[in-house]
Each structure stands twice: as C-alpha cells, then as structure tokens.
Amino acid sequence: MEKEYDFIINPKARSGMGMKAWQKIESELKARHINYRVYLTKRRGHAAKTAAFITADDKRHTIVVLGGDGTVNEVVNGIKRPDLITFGYIPIGSSNDFARGLKLPKDPMKALQSVLSPKKWKLRICLWTTS
C-alpha cells in the first residue's frame, strides 16, 4: 500500500503565503504521483477540528502541517492518538519557533523533501491543565 499524506494548510499564514507555498508543493506532489488529501483551514480552531476528524478512526496517519506555530499548536492539540501519527511540518508562519527549534528547512520545497524522506524523532507531548 502506498503512503498517503493528510495536509492541513493555513492558506492565510504569513499574509497569504500559505496558499502560494501550497500551490508549488501541490504541483510537486502531483508530478511525483504522491497520494494526499488536503484540508484548508477556514478559521481559528479549524485545524484542531480537522486533526480530530482525521485521527478519529484510530488508524495510522501521516499529517503534514503547512502554516505557522499557531497551526501546529492546533493540530497537535486535535490529534486523538499521537502514538499513531507521523507528523510533518512545512513552516510558512511569521516566526516559526517550532521549526527553528527542530532546525527544519525554511524553504518550503526543502521542507517538503524532508517530509517525503523523513528523519524520525520521537517527541514527548505533554498535557498541562490548570483549574
């Protein structure tokens, strides 16, 4: 079975650069005959709901976020079973602190290459609640 990717895209990231970057990335995915599904966020909170929808089936998924730190935060918080998820990130936001901390490529096409041929890291995700 060929790998499939679920792309969650914030088209408004960095004043619309998210959509421009996605158009280039999508062209490359099509040229390589890569299977993917695309979800465009429409409003705040939509990325979390989308991640919850994708992961509700308790199956393995590769989710790729194209956006900034806020989009990453939403997606991570929406994932139902982190142990079943391979997570990729193409940084398009304004600050991209998460990407900088992991030393991910700034160029969207180089980041795509990293997603398609990943080095795997295990990240511990913590839940902190206050009352």
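**Close-up 1. Residues around the second largest pocket.** In this predicted model, 16 residues line the second largest pocket, and those lying nearest its centre are Asn10, Thr41, Arg43, Arg44 and Thr71. The space in this pocket comes to about 280 Å³. Helix H1, helix H2 (46-55) and helix H3 (69-78) each contribute at least two residues to the lining, and the largest share, three residues, is supplied by H3. Sorted by character, the lining of the second largest pocket consists of two nonpolar, eight polar and six charged residues.

**Close-up 2. Strand S1 and its two parallel partners.** Strand S1, which spans residues 4-9, is mostly covered, since five of its six residues are buried. S1 pairs with strand S2 (residues 35-40) in the parallel sense over six bridges, and within S2 the residue Tyr36 is the bridge partner of Tyr5. From S1 the chain passes through helix H1 (residues 13-31) to reach S2, and this β-α-β crossover is right-handed. S1 also pairs with strand S3 (residues 61-67), again in the parallel sense, here over four bridges. In S3, Val65 is the bridge partner of Ile8.

**Close-up 3. A salt bridge between strands S1 and S2.** Among the four salt bridges that the structure holds is one between Arg37 and Glu4, in which the closest N and O atoms are 2.6 Å apart. This pair links distant parts of the chain, with Arg37 in strand S2 and Glu4 in strand S1, 33 residues apart. Arg37 has a relative accessibility of 32% and therefore counts as partly exposed, and Glu4, with a relative accessible area of 38%, is partly exposed as well.

**Close-up 4. Two further salt bridges, and a network.** In general, side chains of opposite charge can pair when their charged atoms come close. One such contact is the salt bridge in which the side chains of Glu28 and Arg32 meet, at 2.9 Å from N to O. Glu28 counts as partly exposed because its relative accessibility is 26%, while Arg32, with a relative accessible area of 36%, is also partly exposed. The side chains of Arg81 and Asp83 meet in another salt bridge, at 2.7 Å from N to O, and Arg81 is partly exposed, its relative accessible area being 32%. Elsewhere, Glu4, Asp6 and Arg37 are joined into one network by salt bridges that share partners.

Note on methods:
Residues numbered from 1 in each chain as written. Predicted model: local features only at pLDDT ≥ 70, side-chain atom pairs only at ≥ 80, totals over all residues. Heavy atoms only, no water. Buried < 20%, exposed > 50% of the residue type's maximum accessible area, 1.4 Å probe, protein only. Pairing = 2+ DSSP bridges. Right-handed = clockwise from strand over helix to strand, strands pointing away. 1 Å grid on protein atoms, 1.4 Å probe; cavity = no way out; pocket = protein on both sides within 12 Å on 5 of 7 lines; lining within 4 Å. Points joined across faces, edges and corners; volume = space filled by probe spheres on them. Nonpolar A, V, L, I, M, F, W, Y, C, P; charged D, E, K, R; others polar.
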